[in-house]
Amino acid sequence: MQRKIIYYIDVKTKTIKTCSTKRFNTEKNYYTDEVESILDNQVESKIGMIIRRINENINNEKFEIELDDEETEIIKKYLTYSFLRYDFFNEYLKEKMEVIDEIKDIKNTMISFESKMNLYSKIISAQYSFVIVSNNTHINFVLPSNYIYVFGGKENSKMILLPLTPRIAVLFFDAENLKRLNLHNKMMTFDESKKSNRPQYGNS
């Protein structure tokens, strides 16, 4: 299969770099065989199917896609495991728990634990709702090496942007805030051809 070239931010050098999707953010033997299997079977293969389905609809004149309950949970679980691979989250855990383990060992432990207990997925599922974002501008989403972008200060005002591809992302809001914004279960399109810079919403 031909691999695509993506752009990503190197947080250490503060520069934008390019890499193939196969090599992006990988390190040999970083995860255990058990965790590699969890990530492949429970997360990446399932989100891949959803990405393909979104891509089939993304070129429609009016971008709309209905996600069923199972697909919604897959997307939230993908966010969960992205958090568990997020360096800053694991550094926070290391400091709070006062452990001497390496960051990669904490990640392996947390991912293995989550696959058995499903604890963080339940928390995220209850706290966050999301919209699918279609990027129709000439500037691609930049995939962060830490998987997610977190915006906002207070816990209930945080927004999380989870790029899936250079053209598709998932934007998570606190569930209550999303209801107040009337964005629940809607699609969002960024289109520079519009006179207004405001996002265009589907399913209106």
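This passage looks at helix H4 and the residues around it in a predicted model.

Start with H4 itself, which runs over residues 103–117. At 1.5 Å a residue, its 15 residues should span 21 Å, and the C-alpha atoms at its two ends do sit 21 Å apart, so expectation and model agree. A good part of this helix is hidden: Ile103, Ile106, Lys107, Asn108, Met110, Ile111, Ser112 and Glu114 are buried. The cover over these buried residues includes helix H1 (33–58), H2, H3 and helix H5 (119–127). Just past the end of H4, Asn118 takes a positive phi of about 60 degrees.

One of the covering helices, H2 (residues 69–84), can be described in more detail. Two packed helices are described by the angle between their axes and the distance between the axes. For H2 and H4 the angle is about 155 degrees and the axes are 9 Å apart. An angle over 145 degrees counts as roughly antiparallel, and H2 and H4 therefore fall into that class. On the H2 side, the meeting residues are Thr80, Tyr81 and Leu84, while H4 brings Lys107, Met110, Ile111, Glu114 and Ser115. Sorted by character, the residues of this contact come out as four nonpolar, two polar and two charged.

Lys107, in helix H4, deserves a look of its own. With a relative accessible area of 4%, Lys107 falls under the 20% cut-off and so counts as buried. What does the side chain of Lys107 make a polar contact with? The partner is the side chain of Asp87, at 2.5 Å. Leaving aside residues up to four places away in sequence, Lys107 touches Tyr30, Tyr31, Leu84, Arg85, Asp87 and Asn90.

That last neighbour, Asn90, belongs to helix H3 (residues 87–97). Asn90 has 0% relative accessibility and therefore counts as buried. The side chain of Asn90 reaches the backbone oxygen of Tyr86 at 2.9 Å. Again setting aside residues up to four places away in sequence, the contacts of Asn90 are Phe83, Leu84, Arg85, Ile103, Ile106, Lys107 and Met110. Asn90 and Lys104 lie 14 residues apart along the chain, and their C-alpha atoms are separated by 8.6 Å.

Put together, Leu84 of H2 meets H4 and also turns up among the contacts of Lys107 and of Asn90. Arg85 likewise touches Lys107 and Asn90.

Note on methods
Residues are numbered from 1 along each chain as its sequence is written. This is a predicted model: local features need pLDDT of at least 70, side-chain atom pairs count only at pLDDT 80 or more; totals for chains, interfaces and linings use all residues. Side-chain values use heavy atoms; hydrogens and water are left out. Helices (H or I, at least four residues) and strands (E, at least two) are DSSP runs, numbered from the N terminus. Buried means under 20% relative accessible area, exposed over 50%, partly exposed in between (1.4 Å probe, protein chains only). Contact means heavy atoms within 4.5 Å. A polar contact is a pair of N or O atoms within 3.5 Å; within protein, one must be able to donate a hydrogen and the other to accept it, and residues adjacent in sequence count only if both atoms are side-chain atoms. Axes are lines fitted to C-alpha atoms, for helices over the stretch in contact, and angles run from 0 to 180 degrees between N-to-C directions. Angles under 35 degrees count as roughly parallel, over 145 as roughly antiparallel, 65 to 115 as roughly perpendicular and the rest as oblique. Ala, Val, Leu, Ile, Met, Phe, Trp, Tyr, Cys and Pro count as nonpolar, Asp, Glu, Lys and Arg as charged, and the others, Gly among them, as polar. The expected span of a helix is 1.5 Å times one less than its number of residues.
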